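Here are a few exercises to work through with a model open in your viewer. Try each task before you read its solution.

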Amino acid sequence: MAVLRRIARPLLAAPFLTEAGHALRSPRPLATGTASWARQLGANADDPVRLVRLNAAVQIAAGGALALGRFPRAASLVLAASLVPTTLAEHARWKEEDHELRKDQRFDLARRIGLFGALLLAAADTHGKPSAAYRARAAAHSGRRKAGRATAAAGGHLHSAIETVGASTSDALSGAGRAVNSAAGSARAVLPVQ
């Protein structure tokens with residue numbers, strides 16, 4: 001599986017690196033779509049070219065990290081998040097008048113949705129190791145078991161201590177009773193009988 005990951009990660013990162021490089025070189029076509037979407041969402045996009053370049057830089061950084069296998073889960077999530085605004089800015093299929101262009105937009109949109117799904121799978125890949133949530137649950141369960149055993153052991157030690165104290169107290173009282181009885185016998189022997 002490690003070989004498959006080493007091959008698949010750069011292949012998954014390649015479209016993002018390519019498109020981000022193109023967006024850095026010519027951001028103007030994407031900037032118009034970005035400004036349009038920002039206005040529709042009620043956001044203020046003073047410099048849409050800068051937003052396009054920022055998104056491209058994020059995609060290059062995350063795509064490079066994914067291709068190199070550095071923080072692949074986080075890089076996949078960042079790429080998936082950056083894919084949404086890029087897709088919205090580039091693919092306004094519902095606005096297209098030409099049937100052929102609309103068909104091309106539909107295929108490109110389907111490709112991007114597939115990339116989004118692949119990125120989500122890459123983000124969920126734990127390299128065959130249990131997830132952090134599973135490890136936390138297992139650690140909590142193990143801690144509860146250890147605490148239960150420690151409580152039982154402490155309870156057993158406490159019970160033994162109580163039995164020991166009880167036996168010692170009983171022996172002490174018994175010894176004190178014998179001493180008192182012996183002292184009383186000695187006192188009777190010494191005292192004259194009346």
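The exercises below deal with a predicted model, moving from the overall fold to salt bridges, a helix and a surface patch.

**Exercise 1. The overall fold**

Describe the secondary structure of the protein and find what share of its residues is buried.

*Solution.* Start with the elements: the protein has six helices and zero strands. Read from the N terminus, their order is α-α-α-α-α-α. Next, take burial: 24% of the 194 residues count as buried. The accessible surface is about 13300 Å², and carbon and sulfur atoms account for 65% of that area. Finally, turn to contacts between residues at least 6 apart in sequence: 66% of them join residues at least 24 apart.

**Exercise 2. The partners of Asp125**

Find the salt bridges that Asp125 forms with Arg5 and with Arg9, and say which parts of the chain they join.

*Solution.* Begin with the general idea: oppositely charged side chains can pair when their charged atoms come close. The cut-off to apply is 4 Å between a side-chain nitrogen of Lys or Arg and a carboxyl oxygen of Asp or Glu.

Now check the first pair. The closest N and O atoms of Asp125 and Arg5 are 2.5 Å apart, and the two residues form a salt bridge. Because Asp125 sits in the loop between α5 (99–124) and α6 (132–190) while Arg5 belongs to helix α1 (residues 2–25), this pair ties together parts 120 residues apart in sequence.

Then check the second pair. Arg9 also forms a salt bridge with Asp125, with 3.8 Å between the closest N and O atoms. Here helix α1, which holds Arg9, is linked to the loop between α5 and α6, and the two residues are 116 apart.

Last, look at accessibility. Arg5 is buried at 15% relative accessibility, and Arg9 is buried with a relative accessible area of 15%. Asp125, at 22%, is partly exposed. Over the whole model, the count is five salt bridges.

**Exercise 3. From α1 to α5**

Which elements does the salt bridge between Glu19 and Arg112 tie together, and is each residue buried or partly exposed?

*Solution.* First, the distance: the side chains of Glu19 and Arg112 meet in a salt bridge at 2.5 Å, N to O. Glu19 is in helix α1 and Arg112 in helix α5, so the pair connects parts that are 93 residues apart in sequence. Second, accessibility: Glu19 is partly exposed at 24%, whereas Arg112 is buried at 2%. Third, follow the connections onward: Glu19 and Arg112 belong to a network of salt bridges that also links Asp108 and Arg111.

**Exercise 4. Two aspects of α5**

Find which residues of α5 are buried, and which residues form a nonpolar patch on the surface.

*Solution.* Start with the span: α5 has 26 residues and reaches 38 Å from its first C-alpha to its last, close to the 38 Å expected. Next, list the buried residues of this helix: Gln105, Arg112, Leu115, Leu119, Ala122 and Ala123. The buried residues of α5 pack against α1, α3 (48–68) and α4 (72–90).

Now turn to the surface. Leu77, Val84, Leu88, Phe116 and Leu120 make up a nonpolar patch with about 390 Å² of accessible area together. The elements giving two or more residues to the patch are α4 and α5. The largest share, three residues, comes from α4. As a last check, take Leu120, which is found in helix α5: at 41% relative accessibility, Leu120 counts as partly exposed.

Conventions
Residues are numbered from 1 along each chain as its sequence is written. This is a predicted model: local features need pLDDT of at least 70, side-chain atom pairs count only at pLDDT 80 or more; totals for chains, interfaces and linings use all residues. Side-chain values use heavy atoms; hydrogens and water are left out. Helices (H or I, at least four residues) and strands (E, at least two) are DSSP runs, numbered from the N terminus. Buried means under 20% relative accessible area, exposed over 50%, partly exposed in between (1.4 Å probe, protein chains only). The expected span of a helix is 1.5 Å times one less than its number of residues. Contact means heavy atoms within 4.5 Å. Patches are made of residues with over 30% relative accessible area and no salt bridge: like charges are joined within 9 Å, nonpolar side chains (Val, Leu, Ile, Met, Phe, Trp, Tyr) within 5 Å. Accessible areas come from the Shrake-Rupley method with a 1.4 Å probe; for residues, only the protein chains shown count as cover.
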